[in-house]
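Biologist: Please take a close look at one part of this model, the largest pocket. What is its volume, and which residues are closest to its centre?

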Amino acid sequence: MAYEHLANLPDRYGLGEKDVQFDGLVTDPSLVLKQYQIYDSVPLDSSLVKDSKKFLKGEISAGRINPYLGLGFAILSKDMFNVARWDTTHPIVLQNQIYSFNNGDLGNAHLLDIREIGTFCIWELGIVNHEREAWFDYLVSLRREQDKKNYLDSVVRSLF
């Protein structure tokens, strides 16, 4: 098979570099999320991070974010917010939804269709891989209270 017609990107396409920061837990009686941010060279504005936590709590309490098993993580960037939870029926499946917003304002956030936009970008996959490993450790544990805390304490500190 010839591959010259596959994965041809414009010469100007570049990835740049990203970093990650753990921004703490977002807690609700039905759901605890580990919150991360992905940024270029400078962490996101602290007011956006604060607003994102308020946004999550509002979406959860309004029933627009299904808690599933009650554990997961969220990834904030300058214009998107990805919320991932471990599924109830199939605990090895990650359920996610992505919000898009403009100008650092979550007030104009809207839910995207992951069938059209995809589920995770290449940078988020670094976090997803860490979370997969931490979740696997939880699943093969006795799944006691301490094991849940161990999952929540296991966070990404760097993408590379």
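Modeller: The largest pocket has a volume of about 490 Å³. On a 1 Å grid over the protein atoms alone, a pocket is an open set of points where a 1.4 Å probe fits, with protein on both sides within 12 Å along at least five of seven lines. Grid points are joined across faces, edges and corners, and the volume is the space filled by probe spheres set on the points. The lining counts 23 residues (an atom within 4 Å of a point). Closest to the centre are Lys18, Ser77, Asp79, Cys121 and Trp123. Two elements give two or more residues each: β2 (31-39) and α3 (122-139). Helices (H or I, at least four residues) and strands (E, at least two) are DSSP runs, numbered from the N terminus. α3 gives the most, with three residues. By class, the lining has 14 nonpolar residues (Ala, Val, Leu, Ile, Met, Phe, Trp, Tyr, Cys, Pro), five charged (Asp, Glu, Lys, Arg) and four polar (the others, Gly among them).

The model is predicted; local features need pLDDT of at least 70, side-chain atom pairs count only at pLDDT 80 or more, and totals for chains, interfaces and linings use all residues. Residues are numbered from 1 along each chain as its sequence is written, and side-chain values use heavy atoms, with hydrogens and water left out.

Now the loop after α3. Ser141 sits between α3 and α4 (145-153). Ser141 is buried (under 20% relative accessible area, 1.4 Å probe, protein chains only), at 19%. The Ser141 side chain reaches the backbone nitrogen of Arg143 at 2.9 Å.

How values were computed: Buried < 20%, exposed > 50% of the residue type's maximum accessible area, 1.4 Å probe, protein only. Polar contact = N/O pair within 3.5 Å; in protein donor to acceptor, adjacent residues only side chain to side chain.
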